[in-house]
Amino acid sequence: MGSTDCLFCRILAGEIPADIIYESETAIAFRDINPQAPTHVLIIPRRHIATINALDSGDAQQVGELFLVAKQIAKEEGIAARGYRVAMNCNAAAGQTVFHLHLHLLGGRDLSWPPG
Ligand code: AMP
Ligand code: ZN
């Protein structure tokens, strides 16, 4: 169920505009409002899950879908062959600021490692 306190649930509800580039019954993807690379897309489940820590075994298919969507969008964006990164931050020390599970898809430039 959506939470009115959650930014991404509000995007899912259509209350806040977003550049949505993919939609399925269970997930959507939209462009990050503050892109850190030429391609920076967020892929999120429709169901509100706050963090990786809240996942259980029943969520395995949902999480797998997020990766498959990232793969598809990377291909569409033309970054698949050169390379890209998918990342999911968990809680404050990792930089999570929106507490609705989201996979970052970043590409279109060389990405340094390790991340900060
Ligand atoms: P994280 O820091 O991993 O929680 O990532 C949250 C991401 O959401 C950041 O990269 C933000 O730039 C992005 N973001 C915040 N508000 C919006 C918005 N209204 N539309 C799209 N992306 C957003
Ligand atoms: Zn939410």
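How much space lies in the largest pocket? The legends below start there and then move on to other close-ups of this predicted model.

**View 1. The largest pocket of the predicted model.** About 740 Å³ of space lies in this pocket. Its lining is made of 32 residues. If you want to find the middle, look for Asp32, Gln36, His40, Asn89 and His104, which lie nearest the centre of the pocket. Sorted by class, the lining residues are 17 nonpolar, 10 polar and 5 charged.

**View 2. The helix and strands that line the largest pocket.** Five elements each supply at least two residues of the lining: helix H1 (7-12) and the strands E2 (27-31), E3 (39-45), E4 (84-87) and E5 (103-107). Of these, H1 gives the most, with 3 residues.

**View 3. Ligand 1 in its place.** Who lives in the largest pocket? Ligand 1 sits there. H1 and E2 are the elements that give two or more residues to the shell around the ligand. The largest share of this shell, 3 residues, comes from H1. You have already met H1 as the element that gives the most to the pocket lining.

**View 4. The shell around ligand 1.** Which residues are the closest to ligand 1? They are Asp32, Gly95, Thr97, His102 and His104, out of 16 residues that surround the ligand. Two of these names, Asp32 and His104, may look familiar: they are also among the residues nearest the centre of the pocket. By class, the shell divides into 7 nonpolar, 7 polar and 2 charged residues.

**View 5. Polar atoms facing the oxygen atoms of ligand 1.** Zoom in on three residues here. A polar side-chain atom of Asn89 lies 2.9 Å from an oxygen atom of the ligand. His102 also uses its side chain, with an N or O atom 2.9 Å from an oxygen atom of ligand 1. For Val98, look at the backbone instead: one of its N or O atoms lies 3.0 Å from a ligand oxygen. Taken alone, ligand 1 exposes 500 Å², and the protein buries 84% of that.

**View 6. Two unusual spots in the backbone.** Most residues other than glycine have a negative phi, and most peptide bonds are trans. Asn91, in the loop between E4 and E5, has a positive phi near 70°. Trp113 and Pro114 are joined by a cis peptide bond, with omega at about 5°. To find Pro114, follow the chain into the segment after E5.

Note on methods: Residues numbered from 1 in each chain as written. Chains lettered and ligands numbered in written order. Predicted model: local features only at pLDDT ≥ 70, side-chain atom pairs only at ≥ 80, totals over all residues. Heavy atoms only, no water. 1 Å grid on protein atoms, 1.4 Å probe; cavity = no way out; pocket = protein on both sides within 12 Å on 5 of 7 lines; lining within 4 Å. Points joined across faces, edges and corners; volume = space filled by probe spheres on them. Helix = DSSP H or I, 4+ residues; strand = E, 2+ residues; numbered from the N terminus. Nonpolar A, V, L, I, M, F, W, Y, C, P; charged D, E, K, R; others polar. Near = heavy atom within 4 Å. Polar contact = N/O pair within 3.5 Å; in protein donor to acceptor, adjacent residues only side chain to side chain. Areas by Shrake-Rupley, 256 points an atom, 1.4 Å probe, with all protein chains shown as cover. Sits in = over half its atoms within 2 Å of the grid points.
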